[in-house]
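Biologist: I am new to this structure. Please show it to me, and let me ask how each label is earned.

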Amino acid sequence: MSKYGMVIDLDRCNGCNACVIACKVEHNTANGIHFTKILEREVGTYPNANRQFVPVLCNHCEDAPCVEVCPTKASYSREKDGIVLVDWDKCIGCGACVLACPYDQRFQVKDESTGFLGSLVDFIKADTKRAPSGVIAKCDFCYHRVDEGRAPACVETCPTDARMFGLVDEALRTETDKEFPALDRVVSRNNAFSLLPDKNTRPNVYYIG
Amino acid sequence: MTDSLDTRSIIEQGQLNFTVAPKRQTIWGGREAFVFSLEGIGVGVFLAFMLAGQVTAMITGLGLLALAVLLLLSHLGHPSRAWMAIRNVRRSWISRGTVMIGFFLALGGLYVGSFLLPGSGAREALAPLPEVLLALAGLFILLYPGFAMATSPAIPFWNNGLMPILSLANGLASGGLILVAVAATTKASPVPAPLDTLVAGELLVLACLTLFLASYIAVMRRAGAAAQLSVRVLLNDNRGLFWGGIVVVGLVVPIVLVATNLSVSASDLWFGVAARLVGDVALRHGLLKAGVYDAVL
């Protein structure tokens, strides 16, 4: 059962991409792979047209289709909190989960290098394991930080507090996650919505604004 | 279809494009289409010649299936771990397909072995159980790619109950034509049915495939935005593949050759088989290429 979720306030996001960079640094993601992205779209019509930024990441769905289709059980929901993860030692890189994820939040690592300046410099954060070539990688809600009672890197970095990480239900609170807010009231008070609800995946990332 | 839907708005999966827009999948393509078809062809050849009792051709069928497995391995990120794909039989169609291919290869190998090493009498004693099991496993191998695609909620063009039927009809049409060509070549039907009945059956399957394909596209033209875009990708952006490969080569040529089988030679029928097999791959490739994700918002 899912324990954690995220609420993203679209009115607060200014598209600075700090979360994208924080995530890349936290996970040493390979070139071209972003576990979180800021999408853009135009809303309204002239003269009231505007640009809206839509941060996207893995929705850590309760009924995750990526977990269903994985032939090796490499994709799984962590039993204690429902965070959807990939066991890279079991992943064969067949791509079935990529095709099953409605949010396109799974990425095939073809080249694990994180090169910069024509690969002259390879940035690697020493204490973080990066996804090896040939596997599927995705947002893991920074479970290594969550286990220590810290919010995911994207949440901690966001300068406008557009992202809120917490418990999907106050009733699930335990001693280890007393630092995290409960999101259930935020969701109900703000008429929060999720992306592609018709896919029936019961996502745990909500949007307001 | 609404005019606002334009395939130029589709972005390619993997592109560094950060707009909210429908996205075309690029994970599975020509290689996967070829592998799925080759699996069906291997199974079809084996079963057709199993009924005719021709050992060399049965070995060829198993060889084609084994080749498909090898090609499939090359598509994996970690081929050495491929055996792990049998772990999620309860929920994953790829897992189920992997198990069934392994079962078919093993039982098929034993079946062929019983011809090469006669004397035990096991095959005769167990008949028709091995033949029935091989036929059922073969049917499953024809079906599973369709189910693997149909169970993906992300891509509306695939995510419907017609997909497995279309996949099965595609495989049966190819296998049936191989059977007709074998019958015409050997001048004896490998199954307990006359050649005319085989021809009528094959024409029926080809007609059903044409009907299913037309229905599929008609249904998808009225489905959600992503499915409508998929139809446009298939019919407009890939019109050569669709009209040339799928319709003319894969359907019209085989139908004409089978319908006039009494006046054409066996070699012409084998030309029809070749055309059908090209159409088989083209149909799978077209359906894969047309896979479009919904825009997230």
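Modeller: We start with two rules. Two strands pair if DSSP finds at least two bridges between them. Helices (H or I, at least four residues) and strands (E, at least two) are DSSP runs, numbered from the N terminus.

Biologist: What makes S1(A) and S10(A) a pair?

Modeller: Strand S1 of chain A, residues 4-9, shares five bridges with S10(A). The rule asks for at least two. So they count as paired, and the sense is antiparallel. A:Met6 has A:Phe165 in S10(A) as its bridge partner. A:Tyr4 stands opposite A:Leu167 in S10(A).

Biologist: What kind of model is this, and how are its parts counted?

Modeller: This is a predicted model: local features need pLDDT of at least 70, side-chain atom pairs count only at pLDDT 80 or more, and totals for chains, interfaces and linings use all residues. Residues are numbered from 1 along each chain as its sequence is written, chains are lettered from A and ligands numbered from 1 in the order in which they are written, and side-chain values use heavy atoms, with hydrogens and water left out.

Biologist: In which sense do S1(A) and S11(A) pair?

Modeller: In the parallel sense, over four bridges. A:Asp9 stands opposite A:Ile208 in S11(A). The open sheet has three strands in the order S10-S1-S11 of chain A, and its pairing is mixed.

Biologist: Why do S10 and S11 of chain A count as edges?

Modeller: Strand S10 (163-167) and strand S11 (205-208) of chain A each have a single partner strand, so one side of each lacks a neighbour in the sheet. From one strand to the next, the twist averages 25°.

Biologist: How do you know whether S1(A) is covered or open?

Modeller: Buried means under 20% relative accessible area, exposed over 50%, and partly exposed in between (1.4 Å probe, protein chains only). In S1(A), six of its six residues are buried. In a regular strand the side chains alternate between the two faces of the sheet. Here A:Tyr4, A:Met6 and A:Ile8 point one way, while A:Gly5, A:Val7 and A:Asp9 point the other.

Biologist: Why is A:Tyr4 called buried?

Modeller: A:Tyr4 has 6% relative accessibility, so A:Tyr4 counts as buried.

Biologist: What makes A:Tyr4 and A:Phe180 an edge-to-face pair?

Modeller: Rings of Phe, Tyr and Trp (its six-membered ring) pair if their centres lie within 6.5 Å; planes under 30 degrees apart count as stacked, over 60 as edge-to-face and the rest as tilted. By this rule there are 15 aromatic pairs over all chains. The ring centres of A:Tyr4 and A:Phe180 are 5.8 Å apart and the planes stand at 85°, so the pair is edge-to-face. A:Tyr4 lies in S1 of chain A and A:Phe180 in the loop between S10 and helix H6 (184-189) of chain A, so the pair ties together parts 176 residues apart in sequence. A:Phe180 is buried too, because its relative accessibility is 4%. Ring pairs link A:Tyr4, A:Phe141, A:Phe165 and A:Phe180 into a cluster.

Biologist: What type of aromatic pair do B:Tyr111 and B:Phe115 form?

Modeller: Edge-to-face, with 5.5 Å centre to centre and 65° between the planes. Both lie in helix H3 of chain B, four residues apart, about one turn of the helix. B:Tyr111 is buried because its value is 6%. B:Phe115 has 24%, so B:Phe115 is partly exposed.

Biologist: Why do A:Asp147 and A:Lys80 count as a salt bridge?

Modeller: A salt bridge is a side-chain nitrogen of Lys or Arg within 4 Å of a carboxyl oxygen of Asp or Glu. For A:Asp147 and A:Lys80 the N to O distance is 3.4 Å, so the rule is met. They are 67 residues apart. A:Lys80 is exposed because its relative accessibility is 56%. A:Asp147 has 40%, so A:Asp147 is partly exposed.

Biologist: Which residue forms a salt bridge with A:Asp81?

Modeller: A:Arg78, with the closest N and O atoms 2.6 Å apart. Both A:Asp81 and A:Arg78 are buried. In chain B, B:Arg8 forms a salt bridge with B:Asp6 at 2.7 Å. The count over all chains is 19 salt bridges.

Methods. Axes fitted to C-alpha atoms, helices over the stretch in contact; angles between N-to-C directions.
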